[in-house]
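Colleague: Hi! Could we walk through this model together?
Modeller: Sure, ask away.

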Amino acid sequence: WSHGWAWMGREGVVMSPKLYIMLLTYTNDPDGPRAAYAQRTLTTVLDRLSYSGPISVHIADDGSPEPHVARLVEIAGGYSKVQGVTATNANRAGYGASYNLATQVVHQHASLVLPLEDDWELVHDLDLDHYAHALVECAPIGCVRMGYLGYTQPLRGELHTCADRRYLLFDPDSLEHHVAAGHPRLETVTWERSVGPWVEGLDPGTTEWEWCGRPAARSGVAWPMDTPLSGWFAHIGTIQARTDQMEVVG
């Protein structure tokens, strides 16, 4: 497999592809609430997430003061489960540009990506092996939603079973626009590349809306039916994700 994909290693030992946890963040105040949310997001993920394969962390920053990024790098580097920590700085180019810059690093070294915005707390112990297995073994799944199943329009799907677990594979023609978006996702690099780069130079909401409307972003998206009713992650704080970045296009 490309990018180190492997599930069965030598002598029958199960292997897992490399995972990159990618934290998208920005704050103009390294001592403010957004910085605290980012630290809490990263800490809870590294405390409660388990995975049998190699894990690295990437801080995708959009021009925060240096102490903010330094603190996040320090937190991630303090975990023995983390093999490496990298960072990029989009210098206030906006959400889409920051995402694209980060993937230029992450896609070189990993097969799986867990993108996180900086205000999602992991509130349950989460074993990613089950869902990584589905991404490796169960075509056509390329993206696994890790949140509760929210929608505002009809969201159709069909049941798939993989390794004794059931998934709802979404119909790409569902009326709901946000088939893939909403809460963190576990994705293959191959799936991310099929969707393509995020549009740059637009406000965050329009950026996400454009991405969600692409046919590739609506295909191969699955939701695990053993997800807690409230989702694995909880939104924290009162500042909506990416709100600070509105000033880029405002």
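Colleague: Which share of the contacts with a separation of 6 or more comes from residues 24 or more positions apart?
Modeller: Residues 24 or more positions apart account for 80% of them, where a contact means heavy atoms within 4.5 Å. Before we go on, this is a predicted model, where local features need pLDDT of at least 70 and side-chain atom pairs count only at pLDDT 80 or more, while totals for chains, interfaces and linings use all residues. Residues are numbered from 1 along each chain as its sequence is written, and side-chain values use heavy atoms, leaving out hydrogens and water.

Colleague: Good to know. How many helices and strands are there?
Modeller: There are 6 helices and 13 strands. They are DSSP runs numbered from the N terminus: H or I over at least four residues for helices, E over at least two for strands.

Colleague: And what percentage of the residues is buried?
Modeller: Of the 250 residues in the chain, 52% count as buried. Buried is under 20% relative accessible area, exposed is over 50%, and partly exposed is in between, with a 1.4 Å probe and protein chains only.

Colleague: Now the sheet. What is the strand order?
Modeller: The order is β4-β3-β1-β5-β11-β8-β12-β10-β9, an open sheet of 9 strands with mixed pairing. Two strands pair if DSSP finds at least two bridges between them. The edges are β4 (82–89) and β9 (157–162), each pairing on one side only. From one strand to the next, the twist averages 25 degrees.

Colleague: How do β1 and β3 run, parallel or antiparallel?
Modeller: Parallel: β1 (residues 19–25) and β3 (residues 55–61) are joined by 7 bridges. Within that pair, Met22 stands opposite His58 of β3. Helix α2 (residues 66–77) packs on the sheet, where α2 touches β1, β3 and β4, and the direction of α2 makes about 170 degrees with that of β3. For such angles, axes are lines fitted to C-alpha atoms, for helices over the stretch in contact, and the values run from 0 to 180 degrees between N-to-C directions.

Colleague: What about α1 and α2, how do their axes cross?
Modeller: The axes of α1 (residues 33–48) and α2 come within 10 Å and cross at roughly 15 degrees. That makes α1 roughly parallel to α2, a label for angles under 35 degrees (over 145 is roughly antiparallel, 65 to 115 roughly perpendicular, the rest oblique).

Colleague: Which residues meet there?
Modeller: From α1, Ala35, Ala38, Gln39, Leu42, Thr43 and Leu46 meet His68, Arg71, Leu72, Ile75 and Ala76 of α2.

Colleague: Back to the other edge. What joins β9 and β10?
Modeller: A hairpin, with 2 residues between the strands, and Ala163 in the turn has a positive phi of about 50 degrees. β9 pairs with β10 (residues 165–170) in the antiparallel sense over 6 bridges. One of the bridge pairs is Thr161 with Arg166 in β10.

Colleague: Switching to backbone oddities, where is there a cis peptide bond?
Modeller: Between Ala139 and Pro140, with omega about 10 degrees. Pro140 sits in the loop between α4 (129–137) and β8 (143–145).

Colleague: And which phi value does Asn91 have?
Modeller: Asn91 has a positive phi of about 50 degrees, although it is not a glycine. Asn91 lies in the loop between β4 and α3 (95–109), and is exposed with a relative accessible area of 57%. Arg92 is in the loop between β4 and α3 too, and its phi is near 65 degrees, again positive in a residue other than glycine.
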